[in-house]
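I have a model open and a blank page beside it. Let me jot down what I look up as I go.

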Amino acid sequence: MADMLLLSIFLIVAGVPLLAYASIGFIMPRRVAVATAHATIPAPVEWVFDLVAVDRRQAFRSDLKDVEIASDTRWTERANDSPPVRYEVIRQVSNEVFEAVFQGKGFTGRWLVRFSAAGDDATTLVIYEELQVSHPLLRPIVWLAYPLQAAVDRFVADVRDAADRWGGARVSQGLKG
């Protein structure tokens, strides 16, 4: 009898948090994370657009190990800290808009970047990224643990660093504009 009582207490103590966690996952929306950024980059809009939206190699990014290019509109990124993510361009307007959808193991998302000239040698970027998780039991984990805003902030910092290198190279070559 005492063993049954202990087992019942254990099941209640262990089961209530698990049931609560599962309930939260089912109640949460599929869109578990959104990140945004607004930045001015010290380089012309044509150069920044090419760096971000045209050059699929993404060599300027500090968080990538490898990029496998499938076509002009599809590629797979392998980041230092996550499994491969497949991307596909869904809208691209030269020097204005770049939008792609992405898919990884257990998640999908959308990445939107708007470009606008801020004078002759500067570009304003507005970035929006959202992450959706289909499996309800993964939603709380991703919501709590995935640093989507930090990833977007790192992307902006990498674009700024690339622009600084580009500007420094132009100055050392004696070029203007």
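These are my notes on the core, a helix, some strands and the charged pairs.

**Entry 1: the core.** I keep in mind that this is a predicted model. I started with the largest nonpolar core, which has 42 residues. Which members touch the most others? I found Phe98, Phe115, Ile127 and Val159 at the top of that list. Helix H4, residues 148-172, supplies the largest share of this core, with eight residues. A general point I noted in passing: in soluble globular proteins, nonpolar side chains tend to be buried together.

**Entry 2: valine 159.** I then looked up the contacts of valine 159, skipping neighbours within four places in sequence. What remains is Ile41, Val48, Leu51, Val52, Phe60 and Leu125.

**Entry 3: helix H2.** Val48, Leu51 and Val52 sent me to H2, residues 45-54, where they are among the buried residues. The others buried there are Val45, Phe49 and Ala53. How wide an arc do they cover around the axis? I read only 165 degrees, so the buried residues sit on the same side of H2.

**Entry 4: three strands.** Next I traced the strand pairing. S2 (residues 64-69) runs antiparallel to S3, and five bridges join them. The two form a hairpin with four residues between them. Going through partners, I have glutamate 68 opposite threonine 76 in S3, and aspartate 66 opposite arginine 78 in S3. S3 is also antiparallel to S4 (residues 85-93), through four bridges. That pair is a hairpin too, with five residues between the strands.

**Entry 5: glutamate 77.** I wanted a closer look at this residue, which lies in strand S3, residues 74-79. Is glutamate 77 buried or exposed? Its relative accessible area is 5%, and since buried means under 20%, glutamate 77 counts as buried. Its bridge partner in S4 is valine 85. Its side chain makes a polar contact of 3.4 Å with that of tyrosine 87. Leaving out residues up to four places away in sequence, I listed what glutamate 77 touches: Gln58, Arg61, Leu64, Asp66, Val67, Pro83, Pro84, Val85 and Tyr87.

**Entry 6: the charged network.** How many salt bridges are there? I get eight. Glutamate 77 turns up again here, in a salt-bridge network with Arg61, Asp63 and Arg154. Within that group I checked aspartate 63 and arginine 61, whose side chains meet at 3.1 Å, N to O. Both aspartate 63 and arginine 61 are buried.

**Entry 7: a pair across the hairpin.** Glutamate 68 and arginine 78 form another salt bridge, with the closest N and O atoms 3.2 Å apart. Glutamate 68 is in S2 and arginine 78 in S3, so this pair ties together parts that are 10 residues apart in sequence. I looked up how accessible the two are: glutamate 68 is partly exposed at 44%, and arginine 78 is partly exposed at 26%.

**Entry 8: one last pair.** I also checked glutamate 99 and arginine 91, a salt bridge with the closest N and O atoms 3.0 Å apart. Here glutamate 99 counts as buried, at 7% relative accessibility, whereas arginine 91 is partly exposed at 33%.

How values were computed. Residues numbered from 1 in each chain as written. Predicted model: local features only at pLDDT ≥ 70, side-chain atom pairs only at ≥ 80, totals over all residues. Heavy atoms only, no water. Core = buried A, V, L, I, M, F, W, Y, C linked by side-chain atoms within 4.5 Å. Buried < 20%, exposed > 50% of the residue type's maximum accessible area, 1.4 Å probe, protein only. Contact = heavy atoms within 4.5 Å. Polar contact = N/O pair within 3.5 Å; in protein donor to acceptor, adjacent residues only side chain to side chain. Arc of directions from axis to C-beta. Pairing = 2+ DSSP bridges. Salt bridge = Lys/Arg side-chain N within 4 Å of Asp/Glu carboxyl O.
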